[in-house]
Each structure stands twice: as C-alpha cells, then as structure tokens.
Amino acid sequence: VDLSSEATNRADHFRINGIGDFDSLHLAVAEKGDVDAFLTTDDRLLKAAHKLNLKIKVANPVAWLMEVLSNESNDD
C-alpha cells in the first residue's frame, strides 16, 4: 500500500486521538489497504482504536480467531 497523503492525514488524526506514532501509521495504512482485520495484543491500542470510527476491525488475535471459528461452525 502506498503511503499517500490521505494515509498520513488519517495517521495524524489517530495520533491526535491518543494512538502512538507507529501504531497510527500502521492503522492508517491498514485502512487504506482495506484489510479484513488489524490484529494486536496491545490492550492500550485496542482500547484507543475502539473509541475511533475506523473502517476496519481491530481485535486481539485470540478473540478474532475464536470469532472466525465460531462463524465457520455456524455456517455449517
């Protein structure tokens, strides 16, 4: 994913709202790349991300996997 001005502006928005520099950039690029999920074990990042209006899902890897497996078993 290219680091566009749109992504850097979005990262600035995240920083202003309490997310660290590198995490802000990672989130912005993940949004730009239209990922299915942004996985992290950083509880502070999870809490801050859930307060924002994100275009992607941010989750703990274990919780995300449990949800995916649950959805798969419900589809059967």
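**Group meeting: a predicted chain of 76 residues**

Good morning. In this chain, residues 24 or more positions apart account for 34% of the contacts with a separation of 6 or more, a contact being heavy atoms within 4.5 Å. The model is a predicted one, in which local features need pLDDT of at least 70, side-chain atom pairs count only at pLDDT 80 or more, and totals for chains, interfaces and linings use all residues. Residues are numbered from 1 along each chain as its sequence is written, and side-chain values use heavy atoms, with hydrogens and water left out.

I turn to confidence. The mean pLDDT, the predictor's confidence in each residue from 0 to 100, is 92 for the chain, and 99% of the residues reach 70 or more. Among the elements, helix α4 (residues 61-75) has the lowest mean, 90, and β1 the highest, 96.

Next, the overall layout. The chain holds four helices and two strands, in the order α-α-β-α-β-α along the sequence. These are DSSP runs numbered from the N terminus: helices are H or I with at least four residues, strands E with at least two. The C-alpha trace spans about 45 × 25 × 15 Å along its principal axes. Of the 76 residues, 28% count as buried, that is, under 20% relative accessible area with a 1.4 Å probe, protein chains only.

Now the interior. The largest nonpolar core has 16 residues, of which Phe14, Ile19, Leu27, Phe38, Leu54 and Val58 touch the most other members. Such a core is a set of buried Ala, Val, Leu, Ile, Met, Phe, Trp, Tyr and Cys residues joined through side-chain atoms within 4.5 Å. Helices α1 (5-16), α2 and α3 each give two or more residues to this core, and α3 gives the most, with four. Leu27 touches Phe14, Ile19, Phe38, Leu45, Ile56 and Val58, leaving aside residues up to four places away in sequence.

Helix α3 covers residues 43-50, and Leu45, Leu46, Ala48 and Ala49 are buried there. Its buried residues pack against α2 (21-32), β1 (37-39) and β2 (57-59). At the N-terminal end of α3, Asp42 acts as a cap, with a side-chain oxygen 3.0 Å from the backbone nitrogen of Arg44.

Finally, Glu31, in helix α2. Is Glu31 buried or exposed? Glu31 is buried, with a relative accessible area of 9%. A polar atom of the Glu31 side chain lies 2.8 Å from the backbone nitrogen of Lys55. Beyond four places in sequence, Glu31 touches Arg10, Phe14, Asn53, Leu54, Lys55 and Ile56. Thank you.

Definitions and conventions:
Buried < 20%, exposed > 50% of the residue type's maximum accessible area, 1.4 Å probe, protein only. Polar contact = N/O pair within 3.5 Å; in protein donor to acceptor, adjacent residues only side chain to side chain.
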